[in-house]
Amino acid sequence: MSHTVLICDDAIFMRTMVGDILQQAGFEIIGEAETGVQAVEKYRQLRPDLVTMDIVMPDMGGIDAVREITKFDPQAKVLMCSAMGQQALVVEAIQAGAKDFVVKPFQPSRVLEAVQRVLG
Amino acid sequence: MDTSRYAELFLTESQDNLSAINHALLELERTPTAREPVGALFRAVHTVKGMSATMGYAVVAEVSHELETLLDLVRRGERAVSAPLMDTLFAATDMLERAIELSVAGRESDVDASTTIAALRSAAATSEPAAHAPSPTTTAKPRKKRSSRRAAASAVAPVTVVVTQDANTPMPGVRAYLVLERARALATVVSTTPDPSTFSDEAFAGRLTIGLDTSAPDDEIDRALRAAGYVADIAITRAAPSTNGHVATVPNGDLPDLLPISAGSASELAPARQHRHIRIDLHRLDTLMNLIGELVITRGRLQQLAATINESALTETVTQASRLVADLQDGIMTSRMVPVWQVFDRFPRVVRDAARALGKQVDFVVSGQEIELDRSLLDEIGDPVVHLLRNAIDHGLEAPDVRVTAGKSPTGRLALTAARDRSAVVIRVTDDGKGIDRERVLVRAKELGLMDASRSELTDDELVRLIARPGFSTAKQVTDLSGRGVGIDAVHARVRALGGTVDIRSTKGEGTSVTVRLPVTLAIVRSLLAKVGDETYAIPMTHVNETVHLEANTIRHVKGAEVLVLRGDVLPLMHLRDVVRLPRRDAGGGQVVVLEVADRRAGMVVDELTGQQEIVIKPFDAVRDGLSVFSGATILGDGVPALILDVSSLF
């Protein structure tokens, strides 16, 4: 059975792109979230195998969302999606429970490697 | 990756973000100490940066990166929000917008952002303390302490692991942090070089030395740490530990205190955008619209056929089908409707820039943002409205000192309102400035020979007609913004082409109000069909006030011109036969259509009226070739083409 994924990003553009990369690799996108609050809610509802999480989002940022999700499910597998220059934030996200990260601009092969590491 | 298919999505989403940026900038300019706009700005710029980097638009990415860097300083309270800073931010936003548009158009090489980038860098480099203390929501910047040696030599480390990363590792420091996490999961970490608090520095060298207290075999350590990714080499030694002393201890579970920057928890700017929407290419809606147009024409034909055959079952079915077509038409029209804020959104910025450039103080109020208009109409109306706003600021509103002398508040009021009025949308720009100088207009009109030299006053109607004339401008000096002889006349021409009207009311010393009336939708209009000779003409119902039988005793002659006396009112009378250059009929009879444009009425004599119909406006090139009394053409239910009368051109 294919792995299920929840994509969290406030930009449709990014959600579409990450979604396409993962879908082509055989993953099943079962949900999308535009805000940190939505991400936490949807995680509780959908219990995906993998979450991709943008760092900068409205209402609740990605880092706080990771913290909430990990509190709810310590086994949650969250992959951070970061932009260049956000080193400090990514470290904070990892401290909050994120398992790995990818750096924009996304290259499909790198995204998939990171996903494998997270799920591995 | 082929990113071309994402270009459209990128563009729309970037435009949303640019709009959010402009809003936040205006907000910040009004309230320089507010924190929310800075968070919103940062988030929007950040999103643009991420998207553009993915699209490979290097210039956009660079500008947004520099903008983000500067905003980060502002967010942390290290740069005060000053007028020069605001100017830099506004200018950078404009550059960003241009760069995005050109990049999407495949002309990235045309963008020269060097000045903008230099300005952003210099603003970020200027060490100027903030005027206000950083608020509690902002936190310390990433540490730059290269040699934070928090502890001296650690306890004995039985296993030393040197991890070398791939040369092209993205964010090597953060990756090193993941290596450290893997090591912690496996064993007790007794030392780390360099100190983890320096990992997130840009200068992280890609090599990490970890001291482990573990009994795990080498291959297990090797496997565990490689799983962190981007590991080129792992060297494990079980010799005596290093005693150089430059090793920091990191007690397990007690993570180093690494810069908890709160990533934008500011409130959302435009809650309206949170509605459930899907994006549809406008071309698809246009295609549907054209199909509906054809369907409406076919329906007309079907109804005529059914009437001829007069068979009850057929008539009933046709009636039902007609109703469904009407519902479908309604549905598609509605799907093309968008609230005017989608275009009005950028106007506060336009007004701000114009006011600054002209040294005016303006209080700009927008209302009726939720009023909906057909998307293509809305796109068309943006520029004329910008023109009206600039005109109002340039020629309407006075400079602050002049206003004070005139007993007014130094800040001028400028209002933009949208409202729905029956099947029309009314957009009005009102200012409380000095009003149009009628004497000057009259003088100019006399100079141009448009007014009789004996006239000493102008009526409102005459005023409108004069200033709407191409090339008629009384601007004393040409400014950068308006007054180049393409003033209100350009607006007038554009609005008329859309089937709308412009009306101007102005009182000297009190202000000017320009009202633009537009049909809610472009493509399908209900029309009255009038016949002259063998030809049928369509008159849009928006301009039809009523129809009356032509009777000889209601016609009078005033100063040689025919007028119609209607319930005591005297209206000018035209003949459609004159308009289309056919000889008038000798026989009496006929009908008069009472036309109405912006509170003015006139009668139009036609041979006969043949009914009402929904007509679909077809593009009609002849309109441009001088036949200015027609706004387009249509195909009627019986398949016969008909010209559509441009009523406002007759007044």
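What percentage of the 651 residues of chain B count as buried? The share is 37%. The model described here is a predicted one. Chain B contains 17 helices and 22 strands. Among its contacts with a separation of 6 or more, 71% are between residues 24 or more positions apart.

**Where the two chains touch**

Chain A and chain B each contribute 35 residues to the contact between them. On the side of chain A, five elements each supply at least two residues: α1 (12-24), α3 (62-72), α4 (87-96), β5 (100-103) and α5 (108-119). The largest share, eight residues, comes from α4(A). By type, the residues on this side of chain A are 22 nonpolar, six polar and seven charged.

**A covered strand in chain A**

Strand β4 of chain A, residues 78-82, is mostly covered, with five of its five residues buried. In a regular strand, side chains alternate between the two faces of the sheet. On one side of β4(A) are Val78(A), Met80(A) and Ser82(A), on the other Leu79(A) and Cys81(A), and all of these are buried. Strand β3 of chain A (residues 50-54) runs parallel to β4(A) and is joined to it by four bridges. One residue pair in this arrangement is Asp54(A) with its bridge partner Cys81(A) in β4(A).

**The four-stranded sheet of chain B**

Chain B has an open sheet of four strands in the order β2-β3-β1-β4, with antiparallel pairing. Strands β2 (188-193) and β4 (231-237) of chain B are at the edges; each has a single partner strand, so one side of each is left without a neighbour in the sheet. Neighbouring strands are turned against each other by 25° on average, direction ignored. Five bridges connect β2(B) with strand β3 (residues 207-213) of chain B in the antiparallel sense. Ser191(B) is placed opposite Gly211(B) in β3(B).

Two helices pack on this sheet. Helix α6 of chain B (residues 172-186) touches β1 (159-165), β2, β3 and β4 of chain B, and its direction makes about 15° with that of β3(B). Helix α7 of chain B (residues 218-226) touches β1 and β4 of chain B, and its direction makes about 150° with that of β4(B).

**The five-stranded sheet and two long-axis partners**

A further open sheet in chain B has five strands in the order β20-β12-β13-β22-β21, with mixed pairing. Here β20 (608-616) and β21 (630-635) of chain B are the edge strands; each has a single partner, so one side of each is left without a neighbour in the sheet. The twist from one strand to the next averages 35°. Strands β12 (residues 524-532) and β13 (residues 535-540) of chain B run antiparallel and are joined by six bridges. In this pair, Leu529(B) stands opposite Ala538(B) in β13(B).

Helix α8(B) lies across β12, β20 and β21 of chain B, at about 150° to β20(B). This helix, residues 282-309, also packs with helix α9 of chain B, residues 312-335: their axes come within 10 Å and cross at roughly 160°. Angles over 145 degrees count as roughly antiparallel, and α8(B) and α9(B) are therefore roughly antiparallel to each other. The crossing is left-handed. Residues of α8(B) that take part include Leu285(B), Ile292(B) and Arg299(B), and those of α9(B) include Val318(B), Val325(B) and Ile332(B). The residues of this contact divide into 14 nonpolar, five polar and one charged.

**Backbone details in the loops**

The table gives two cis peptide bonds.

| Peptide bond | Omega | Place of the proline |
|---|---|---|
| Lys104(A) to Pro105(A), cis | near 0° | loop between β5 and α5 of chain A |
| Thr193(B) to Pro194(B), cis | near -5° | loop between β2 and β3 of chain B |

Two residues other than glycine have positive phi values. For Met171(B), phi is near 45°, and the residue is in the loop between β1 and α6 of chain B. For Tyr230(B), phi is about 55°, and the residue is in the loop between α7 and β4 of chain B.

Are these two residues buried or exposed? A residue is buried if 20 or more other C-beta atoms lie within 10 Å of its own. Met171(B) has 24 such atoms and is therefore buried. Tyr230(B) has 23 and is therefore buried.

Definitions and conventions:
Residues numbered from 1 in each chain as written. Chains lettered and ligands numbered in written order. Predicted model: local features only at pLDDT ≥ 70, side-chain atom pairs only at ≥ 80, totals over all residues. Contact = placed C-beta atoms within 7 Å. Nonpolar A, V, L, I, M, F, W, Y, C, P; charged D, E, K, R; others polar. Axes fitted to C-alpha atoms, helices over the stretch in contact; angles between N-to-C directions. Parallel < 35°, antiparallel > 145°, perpendicular 65-115°, else oblique. Left-handed = near helix turned anticlockwise from the far one by under 90°. Pairing = 2+ DSSP bridges. Buried ≥ 20, exposed ≤ 12 C-beta atoms within 10 Å, placed from the backbone.
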